[in-house]
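Work through the exercises below with the sequence and the model side by side, and try each task before reading its solution.

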Amino acid sequence: MGAKNYRTTNVGVFGHPIDENPTVVLQEAGFRELGLNYRYLNFDIKQGELENALNAIKVLGFRGINLTIPHKVDIIPFLDSISDAAKKIEAVNTVVIEGGKLFGENTDGKGFIQSITTDAGCSPRGAHAVILGAGGAARAIAVELILAGASQLTIVNRSKNRGQALVELLKRNCGFDSEFKIWDNTYKPPDCDFLVNATSINLYPDASKPDIHYEAIAPGTIVCDVIPNPPQTGFLTEAKKRGAVTLDGLGMLVYQGAIGFKLWTGLDAPVDVMRKALQEEFS
Ligand code: NDP
């Protein structure tokens, strides 16, 4: 029998605030399940400290890093290469370090697409999607829906500036014409294939829900929430009452993490184990 190797391969996440970021739970559950000597660590890195932090993990031989608020856009100038989708989204949440070079990917929207294709068994090709919100999550979802063949996108946002900026980004980077609706009152969603809450409303401990006319949701509509905790949001509960097929943000979180897991380890992530670990954590 060979000597035991006690040197861990390290990955983690840079963000601020970062204490309550739960990705560690699903990634380490996956590493344990496959017997990998990997660790995932949460680092509190403030805006302006990103370059120093990246130099540190390069010296320490990290395999990669996740980025969350406020670093998803600021990371881009420090990368040696970037995926086509991340370039279009203009944000990166996962970095792989190979031979001292940094490659950037965005797994948020890909996790969303995997959730609808794997868990709801449907394709976005030719679909009309209505997205509530125009922040980072909405941006990643909108770009990936376009790349997956969606034919119509409606962006609904409270602030006009951010909503219009997303429409402009989709035109500039994807050559796609989407429509923007201001969300200044109770919003009535049109008949559509996908209705997505990509706002931060209802993220624990916030108990509110998006202010929309839920009675307008047609039975069979695929209604998705990005909020992972609580998994059963008020938005999904109301949609389910109208006969919608619902997908929670916990699934999206697990799938986006699974894509990062594969980029770092080269192995298929044990998705069910990772999902169970997160469910237990949130229960
Ligand atoms: P941002 O801050 O970039 O965007 C937040 C969005 O929510 C904006 O469009 C904002 O509108 C809108 N919003 C917030 N509060 C309200 C409100 N009371 N009424 C109407 N609109 C509101 O955040 P992110 O896009 O980065 O993240 C959004 C959520 O997605 C977070 O809760 C995050 O946890 C979750 N997320 C989940 C992932 C997953 O894998 N499940 C992955 C990534 C994110 P306005 O422009 O008017 O301020």
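**Exercise 1: a residue in a loop**

R125 lies in the loop between α4 (108-119) and β7 (128-132), where helices (H or I, at least four residues) and strands (E, at least two) are DSSP runs numbered from the N terminus. This is a predicted model, in which local features need pLDDT of at least 70 and side-chain atom pairs count only at pLDDT 80 or more, while totals for chains, interfaces and linings use all residues. Residues are numbered from 1 along each chain as its sequence is written, and side-chain values use heavy atoms, with hydrogens and water left out.

Task: Find whether R125 is buried or exposed, and which residues R125 touches beyond four places in sequence.

Solution. Begin with the cut-offs: buried means under 20% relative accessible area, exposed means over 50%, and partly exposed is in between, with a 1.4 Å probe and protein chains only. The areas themselves come from the Shrake-Rupley method with a 1.4 Å probe, and for residues only the protein chains shown count as cover. R125 has a relative accessibility of 61% and therefore counts as exposed. Next come the contacts, meaning heavy atoms within 4.5 Å; leaving out residues up to four places away in sequence, R125 touches A148, G149 and A150. As a last step, compare chain and space: R125 and L145 are 20 residues apart along the chain, and their C-alpha atoms are separated by 8.2 Å.

**Exercise 2: salt bridges**

Task: Determine how many salt bridges the model holds, and which parts the pair R172 and E90 ties together.

Solution. A salt bridge is a side-chain nitrogen of Lys or Arg within 4 Å of a carboxyl oxygen of Asp or Glu, and by this rule the count comes to 14. One of them joins R172 to E90, with the closest N and O atoms 3.0 Å apart. Since R172 belongs to helix α6 (residues 160-174) and E90 to the loop between α3 (84-89) and β5 (94-98), the pair ties together parts that are 82 residues apart in sequence. R172 is exposed at 52% relative accessible area, whereas E90 is partly exposed at 27%.

Turn then to R242 and E238, whose salt bridge has its closest N and O atoms 2.7 Å apart. Here R242 is partly exposed, with a relative accessible area of 26%, while E238 counts as buried at 13%. Both residues belong to a network of salt bridges that links K209, E238, K241 and R242.

**Exercise 3: charges without a partner**

Task: Find which side chain of opposite charge is nearest to D225, and which residues gather in a patch of negative charge on the surface.

Solution. Locate D225 in strand β11 (residues 222-225). Lys and Arg count as positive and Asp and Glu as negative, with His and the chain ends not counted. D225 is buried yet has no salt bridge, and the nearest side chain of opposite charge, K209, is 11 Å away. Apart from neighbours within four places in sequence, the contacts of D225 include N197, T233, F235 and D248.

For the second part, patches are made of residues with over 30% relative accessible area and no salt bridge, with like charges joined within 9 Å and nonpolar side chains (Val, Leu, Ile, Met, Phe, Trp, Tyr) within 5 Å. The place of a charge is taken as NZ of Lys, CZ of Arg, CG of Asp or CD of Glu. The negative patch is formed by D19, E20, D44 and E49. Of these, E20 sits in the loop between β1 (9-15) and α1 (23-33), and E20 counts as exposed at 76% relative accessibility.

**Exercise 4: the backbone**

Task: Find which peptide bonds, from I69 and from Y204, are cis or trans, and what the phi values of E90 and N202 are.

Solution. Most residues other than glycine have a negative phi, and most peptide bonds are trans. The bond from I69 to P70 is cis, with omega near 10°, and P70 lies in the loop between β3 (64-67) and β4 (81-82). The bond from Y204 to P205 is also cis, with omega near 10°; P205 is in the loop between β10 (194-197) and β11. Phi is positive in E90, near 60°, and in N202, near 85°. N202 is found in the loop between β10 and β11, and is buried at 6% relative accessible area.
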